[in-house]
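Trainee: I have a chain and its ligand to look at. Can we go through them together?
Mentor: Yes, bring them up and ask away.

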Amino acid sequence: MNPDLTGNNNRVIAIDGPAASGKSSVSERLSRHLGFLHVNSGIMYRALAWSVLRSGIHAEDARAVIRHLGEIQMDCGISGDKATLTVDGIDPGSELKSSEVNAGVSAVSQVAEVRDVLVAKQREYLDVADIVMEGRDIGSVVFPDTPYKFFIDASIEIRALRRSKEGIVDNLAARDAIDSNRAVSPLVAADDAVVIDTSDMTLEQVLAEILDHLHQSGFNQLNEK
Ligand code: CDP
Ligand code: CDP
């Protein structure tokens, strides 16, 4: 990241891509390998969807969603080497991955006012740590100046298979469609992102390819393990 923009020398590696492309798994390994903080921006959108649904609000009711966001306290922090999140003091935990949240999260995420608030929270992490941040618009919108951007993809069939092996109900095609076609910050590979099709790759191979690209682009990490 350009130090002039952050006031420090912290760096961010952006990992974007569609659902079940392997973002979380590879971001977790990469951050551990580099000693960076792993931040999953998706859980912020999921936490809002979770809170909205719990309050009996329809995820498609944008005005009610915006009002609700103004009424809750979403705290994003760090504990040890992990990013943390609570809503009104509660950690939603595994409920963030529920089929109800999967079904509602893309509707909530297409609201511009929601994105403004959550993107500001995402950017704050770079003030305090070197980070690997995963999401949909990290390289294109949240940190467009970072030289380290990856867009990881896989065929819809492979992604659906990966998710079903996890035993989770998740209509990937529906989420893909809303995420890719929304007016604000759609899911898109930044022009300068390295695109990796992981359909036939293991996690180890994806990690190795990302590290290769990082080193080729002059990335130097003293703490690298
Ligand atoms: O892990 P998975 O890819 O299934 O989903 P996620 O990263 O947790 O994101 C859940 C949803 O949040 C996505 O389908 C998007 O609608 C939204 N999202 C977003 O709009 N922008 C981000 N930077 C991250 C997630
Ligand atoms: O974060 P995202 O939704 O993009 O994907 P993930 O939760 O990291 O990965 C979804 C599932 O696919 C997990 O069970 C991974 O272990 C698996 N996966 C895989 O088998 N091969 C890969 N190259 C990447 C992920």
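Trainee: How far does a polar side-chain atom of Ser109 lie from an oxygen atom of ligand 1?
Mentor: Keep in mind that this is a predicted model. A polar contact here needs N or O atoms within 3.5 Å. The Ser109 side chain meets that with an oxygen atom of ligand 1, at 3.3 Å.

Trainee: Which elements give two or more residues to the shell around ligand 1?
Mentor: The elements that do so are helices. They are H3 (42-54), H5 (99-109) and H9 (172-181).

Trainee: What distance separates a polar side-chain atom of Arg182 from an oxygen atom of ligand 1?
Mentor: Ser41 offers another contact: an N or O atom of its side chain is 3.0 Å from a nitrogen atom of the ligand. For Arg182, the partner is an oxygen atom of ligand 1, and the distance is 2.8 Å.

Trainee: How much of the accessible area of ligand 1 does the protein cover?
Mentor: On its own, ligand 1 has 530 Å² of accessible area. The share covered by protein is 99%.

Trainee: How many residues of the shell around ligand 1 are charged?
Mentor: The shell holds 18 residues, and Lys23, Arg46, Arg115, Arg175 and Asp179 come nearest. Nonpolar residues number 4 and polar ones 5. The charged count is 9.

Trainee: What is the radius of gyration of the chain?
Mentor: The chain has 10 helices and 7 strands. The globule rule gives 17 Å for 225 residues, and the chain comes close to that, so it is as compact as a globular protein of that length. Its radius of gyration is 17 Å.

How values were computed:
Residues numbered from 1 in each chain as written. Chains lettered and ligands numbered in written order. Predicted model: local features only at pLDDT ≥ 70, side-chain atom pairs only at ≥ 80, totals over all residues. Heavy atoms only, no water. Near = heavy atom within 4 Å. Polar contact = N/O pair within 3.5 Å; in protein donor to acceptor, adjacent residues only side chain to side chain. Areas by Shrake-Rupley, 256 points an atom, 1.4 Å probe, with all protein chains shown as cover. Helix = DSSP H or I, 4+ residues; strand = E, 2+ residues; numbered from the N terminus. Nonpolar A, V, L, I, M, F, W, Y, C, P; charged D, E, K, R; others polar. Rg over C-alpha atoms; globule rule 2.2 N^0.38 Å.
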